[in-house]
Amino acid sequence: MASPGVFSGAALATPDKLGRLALPAVLRNSVSGEGKQRQLFVTTHEVAPCLVGSGVDRLATISARIDRAEDIAVQRGIDFDRFAMERRLFGPGETLPMDGSGRFILSDVLGELAGLGSDIFFYGVGQTFEIWDCACLLALDDASYANVQAAARAALRVRARKAGGE
């Protein structure tokens, strides 16, 4: 089991008929709380065309990050637009309840912003995990995503092998 708040691992998921996604167990175990009390915070990534998820405990970390940036700007006599930073870091983010099986429902807006389709790829990156549309991820022509793409290709091969009965 991973440590609470530290996300590592990779897995494919497909939304069910009700539009629910199940957070893979490899990542679910890092969300703090028990059973139905566990919640996720999901928002858009600052740079990549994907979503970023974490436990709701990260909201305090984001607020502290904004406070520190504001303090540094004041000390240096630099203009600081707190609202712009809050808009960027909290933005369309949502707090989402998870059921006992780790299922949650993304809003249509978040799904659309990330271009999510039927193959969803989850990838742990420490304090957060990324939620990718698999096809979008694999279409990126950027070496900085090579390890994430390799993991997604491996997950697709594993799923194909299992579907073939091997």
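What is the volume of the largest pocket? In this predicted model, that volume comes to about 160 Å³. Before we look at its walls, let us walk through the fold around it.

A good place to start is the sheet. Six strands form an open sheet in the order β1-β7-β8-β4-β3-β5, and the pairing is antiparallel. At the edges stand β1 (10–13) and β5 (94–97); each has a single partner strand, so one side of each is left without a neighbour in the sheet. On average, neighbouring strands of this sheet are turned by 25° against each other, direction ignored. As a reminder, the strands of a sheet pair through backbone hydrogen bonds, either parallel or antiparallel.

For one pairing in detail, look at β7 and β8. Strand β7 covers residues 120–124 and strand β8 covers residues 129–133, and the two pair in the antiparallel sense over five bridges. If you follow Phe 122, you will find Ile 131 of β8 standing opposite.

Now turn to the helices. Helix α2, residues 58–76, lies across β3 (39–44), β4 (51–55) and β5, and runs at about 110° to β4. Arg 76 belongs to this helix. Is Arg 76 buried or exposed? Its relative accessible area is 64%, and since exposed means over 50%, Arg 76 counts as exposed. From Arg 76 to Phe 90 there are 14 residues in sequence, while their C-alpha atoms are 25 Å apart in space.

Helix α1 spans residues 25–28, and Ala 25 is part of it. With a relative accessibility of 39%, Ala 25 is partly exposed. Here is a pair to set beside the previous one: Ala 25 and Ser 101 are 76 residues apart in sequence, and 8.9 Å separates them in space, C-alpha to C-alpha.

With the fold in view, let us return to the pocket. Which residues line the largest pocket? They are Thr 43, Thr 44, His 45, Glu 46, Val 52, Arg 58, Ile 62, Arg 65, Leu 89, Val 125, Thr 128 and Glu 130. The elements giving two or more residues to this lining are β3 and α2. Helix α2 provides the largest share, three residues. So the helix that lies across β3, β4 and β5 also contributes the largest share of the lining of the largest pocket. By chemical character, the lining residues divide into four nonpolar, four polar and four charged.

Conventions: Residues are numbered from 1 along each chain as its sequence is written. This is a predicted model: local features need pLDDT of at least 70, side-chain atom pairs count only at pLDDT 80 or more; totals for chains, interfaces and linings use all residues. Side-chain values use heavy atoms; hydrogens and water are left out. Two strands pair if DSSP finds at least two bridges between them. Helices (H or I, at least four residues) and strands (E, at least two) are DSSP runs, numbered from the N terminus. Axes are lines fitted to C-alpha atoms, for helices over the stretch in contact, and angles run from 0 to 180 degrees between N-to-C directions. Contact means heavy atoms within 4.5 Å. Buried means under 20% relative accessible area, exposed over 50%, partly exposed in between (1.4 Å probe, protein chains only). On a 1 Å grid over the protein atoms alone, a cavity is a set of points where a 1.4 Å probe fits but cannot get out, and a pocket is an open set with protein on both sides within 12 Å along at least five of seven lines; lining residues have an atom within 4 Å of a point. Grid points are joined across faces, edges and corners, and a volume is the space filled by probe spheres set on the points. Ala, Val, Leu, Ile, Met, Phe, Trp, Tyr, Cys and Pro count as nonpolar, Asp, Glu, Lys and Arg as charged, and the others, Gly among them, as polar.
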